[in-house]
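Below is a short note on the charged side-chain pairs of this model and on the confidence with which the coordinates may be read. The points are numbered for ease of reply.

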Amino acid sequence: MKISTRALAYITILAGASTAAAETCLSGSFKLEYEGDCDRETLIEVFNDQVFSPAKSAACDGVTAEQELDAQLAAAVPSTTIEELCASIYKDQYEVPFTDILKKDVNMTYEKAFFLGHSHLQEEVETTYEREDGQATSVLKEDGELVRAHYQGSAQTKKTEWPKLPNFESSATDSLGQPTCTTSAAMCCWTKDRQANDNNGNCARNTYSKNCVDKDPGDNTNLCYVDMERGEVSTGNAAEGLVAFPSDNGNGEGAIHCHGLAWANDVNDSSARYKGNNVFFVAMYDHMYQRGYVENVPGAPMCGCVEQMPTVTRSDCTEIDATERFRITYDSTTNEVDGSITLVDINFNACQGINNRNNDLWAYMGRLFYEGKISNRQWGEAGKIITNSDCDMAIEEALSKKSLEPGYDHDVSEWTIVAGRDNFNSIGETNGLQVPSFGQEAFRLALTQSNDLAAAPYGIIKRMCSTCDPEMKEIYYRRMTPIPEGYPLLHHIQHDRHDGGGKNRWNVDFQLYSTYEDALSDTNRWKCPNNAFNYHAPFYGECSPTGQRVRDQYSIFHWSPGPRAHVGYYINKGEDEGGFVKADTTPIRGRDQANGMALESDDGKTIYMTGHGRDIWSYDDDFNFKGEEVDADFTVTVKVGTRSALHPQTWSKTGLMVRTSLDSDSAHFSLFRNGIDWICTQGRRTKGEYSRSFGDCVTNAPNANAPWMKIEKRMDTYSSFYGVEGADGEITWTLVRSEELPGIGDSTVVGLAISSASYWHYETIFHDFDISQYYFPSASPSISSAPTMLAPFSDINNLDVGRVVQSSAGAWDVTTSGADIWGTQDSFRFVNYTVSGDVIVDMKVNAFEGDPAHNGYLYHWAKGGLMIRDTMDKNSKHYSLFVTGTQGLANQWREGTGWNSGHSKTHNDNPRPVWLRLKKVGNVFESYFKYDTVGAAWVKFGATKTMDFGSEFEVGIAVTSNSWGRQVTLKGTDLNIEEIIPTRKLRA
């Protein structure tokens, strides 16, 4: 800690008898004055420079300044410690009551109205109409004079009280028992500018009464939604629900300006102590007095804890920089110690956030998190309100939490949506107006599994239309005849204006009804004008319950608007009933057309999948993909069954794909069946290159109508095969192509791909899709490309301090504290991964460092290394190998839950770097090490132990400092977790 060189210490060592305790070596009174912080490190440095070193005598030989200061404070009346003294100084610091700013009433009635956005300072507008002489009234600079006075005085030199209002109180309290915000952050959002000529907002001075009544602040965010319940404790509004603003500016909420602050959880941190100054500056001085920003977002407070505020995409941010001068005195005649803050100088600056993102509240909270000043839970909670992205996902999540969905909230126990457009698109991502719908065969299957088949054996379809006339909003179509083989009925009612070639005729193949009960009982059939169904008005034919003609109530899904938008089709089958469930797919849109969906049978053996897309070719792919990440060598197989193409194309494609990523220009290796039954291997060697065919297509494969397909990955070698299934069920595989493709990389996405090569979808029924891992080199997740981002970890019976950093080069820095890994329970940080079966885990340890705040001191039994652990309980069984502070390599274990730990230390060297290895085969555990030299062999080390673990267990890096109050850092590389059993099945 830097001590200001401008601080002049006034030090007096008085001669004479001392009343201090015998363990002190100095006598007399002293006074310290300095600039900086009040903490152990700073006070010891000041005491040494200003008292201990100048007055040190032979009586102090062998005594340090820290020991002497601790002894002096222990001998004081009352006895105290450095930490207690500093806490007392901070706690006793004078603070200006918040009511002193505006000088209204002590109950903060006016301040409450202000922070809700409804005080006269916010609702008045400067005008010249109130006085006969034409002088302006309600001038903000005049009415807000007390705000300016507080800013130029106390706000920069004294601590300002945190407002005692519901806006700034959540369920949390700080360590002093005072209400605070759960997120340790507060924010204001304004909707109006009432002051001209300040270079902020669009309020214009000419004719204030006309040009500043409802003018906009400077827009710096996108308002996503207002959760009416979130700010209820402040606003008093008992309303429920959510007001969403999916678009921005003129198409959404208009101009919104948000600005906030955040502070450390430690009540003695300057950001926490002066948060009252900061909220005054942000809300009253900087934005109201300086800029004229006033009024709240309707349904929310103007200012409050972040957790009470509307959800927005970003917020500006102010942090405080405080310079403080301390005076600490010790009176030897009374043995009393006293301390105080004698000077405060506060500056208000734009926040400095992570990744060089300044003036950004979310990024500043990220900085506080990485500095250990707030928790990941607090940053995460704030990140749900300050999205740091667009509004779409935030609104979708908010609707989901409130069990809401756009469009029609159908009864999923009775109905399944099979096609939808606009707000009724609950099947997949919208691509313009054409949205994913059930494929021809999936729809046929679903309709034959409908409810009430005895009463309606061929199924019932419900159409919901939110934009239609009232009696047309809900229509029921009852199929009266079986759907002919190969006839795409669902596509027909979405897109076509004819009778399907005689396969969808009113009064023969179907009837229409107003209610489901009527459709089941076949009563109250709809009538058509002149007994003629108009097929140019799909689905309803201009018919009605009375036979009166009703026009323009149809929707053609590839038209805009249709003429009716927001339409969905449903079948009378519960979504959770037997048959199939929806499976996730990813449309990869290199040319803005890809879309599709997938349904998976209950037994997981059959997948009905559709795909739109221009092609899987050129520089950017456009197709539907159902994939999963695999970080190992593998074999993937599938049987390609029935295909249904609404508009068949030669180069429509369906089959298997391995790609580096979901980027449209990703490297990939794929095996397709095209529209004329050729089997082709195609791909892209590296990201961004032009696609290519790997060899010639197989044009004469036997059993081509239902071929098996297979891709194998072995290191950088990819091989494609087609297979023919014999009568005995055995598959004979024929190699199509092998290619060396290092450009794909070790981490891949593997799965099923469909591109229709047209606007219309292409359906394939896949059978027995399976990925078998041939070799699984690591259970660790993908390494972040950002070296300062935290890697996942778990704290077992440990303080949430320090961090875990994983670099793009595979280096690990694990910083933490922890009591110990010993006895009957442990306290440590664990970078853990869940595995099963037999496993080998190894890692190179480059350094094991002590706490810089304590001169890098390492406790003798500080430990860092590898662990295999049965569970995450603090008393779990484990087997471990550690480097230690001074005790060399240590192999330790706990053979039973809650048992005492065991230990084998047969190697006193403490080498850095060193390789560590643990091995588990069955229930037998062994440890090894080797030095980091060329050709070094693994050396068996410690004790072989036999322990029974569960079917799944944890492996990874374990670190403890052997002291709650100090931290250690383990630095290493090349963490590798290898499952010994070669095959691992992953069901899609």
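**Salt bridges and confidence**

1. The model is a predicted one, and the count of salt bridges in it comes to 46. The points that follow take up some of these pairs individually, then a network, and then the confidence values.

2. The side chains of E33 and R327 form a salt bridge, in which the closest N and O atoms are 2.7 Å apart. Because E33 belongs to strand β1 (residues 30–35) and R327 to strand β12 (residues 316–331), this pair ties together parts that are 294 residues apart in sequence. As for accessibility, E33 has a relative value of 15% and therefore counts as buried, the cut-off for that class being under 20%. Its partner R327 is partly exposed, with a relative accessible area of 32%.

3. A salt bridge is also found between D70 and R40, with 3.3 Å between the closest N and O atoms. Here the linked parts of the chain are helical: D70 sits in helix α2 (residues 65–74) and R40 in helix α1 (residues 40–55), and the two residues are 30 residues apart. Both partners fall into the partly exposed class, D70 with a relative accessible area of 28% and R40 with one of 24%.

4. Further along the chain, R917 and D842 meet through their side chains in a salt bridge with an N to O distance of 2.9 Å. The pair links distant parts of the chain, since R917 is in strand β44 (residues 914–921) and D842 is in strand β39 (residues 839–849), 75 residues apart. The acidic partner, D842, is buried, its relative accessible area being 9%.

5. Besides such pairs, the model contains a network in which salt bridges with shared partners join D269, E319, R367, E371 and K373. I would suggest that these five residues be viewed together when the figure is inspected.

6. On confidence, the pLDDT averages 85 over the chain, and 88% of the residues score at least 70. Two stretches call for separate mention. Residues 1–22 have a pLDDT below 50, although this stretch has 42 contacts in the model beyond near neighbours in sequence. Residues 982–988 likewise have a pLDDT below 50, and for this stretch the model shows 27 contacts beyond near neighbours in sequence. Where pLDDT is low, the predicted coordinates should not be read in detail.

Notes:
Residues numbered from 1 in each chain as written. Predicted model: local features only at pLDDT ≥ 70, side-chain atom pairs only at ≥ 80, totals over all residues. Heavy atoms only, no water. Salt bridge = Lys/Arg side-chain N within 4 Å of Asp/Glu carboxyl O. Helix = DSSP H or I, 4+ residues; strand = E, 2+ residues; numbered from the N terminus. Buried < 20%, exposed > 50% of the residue type's maximum accessible area, 1.4 Å probe, protein only. pLDDT = per-residue confidence, 0-100. Contact = heavy atoms within 4.5 Å.
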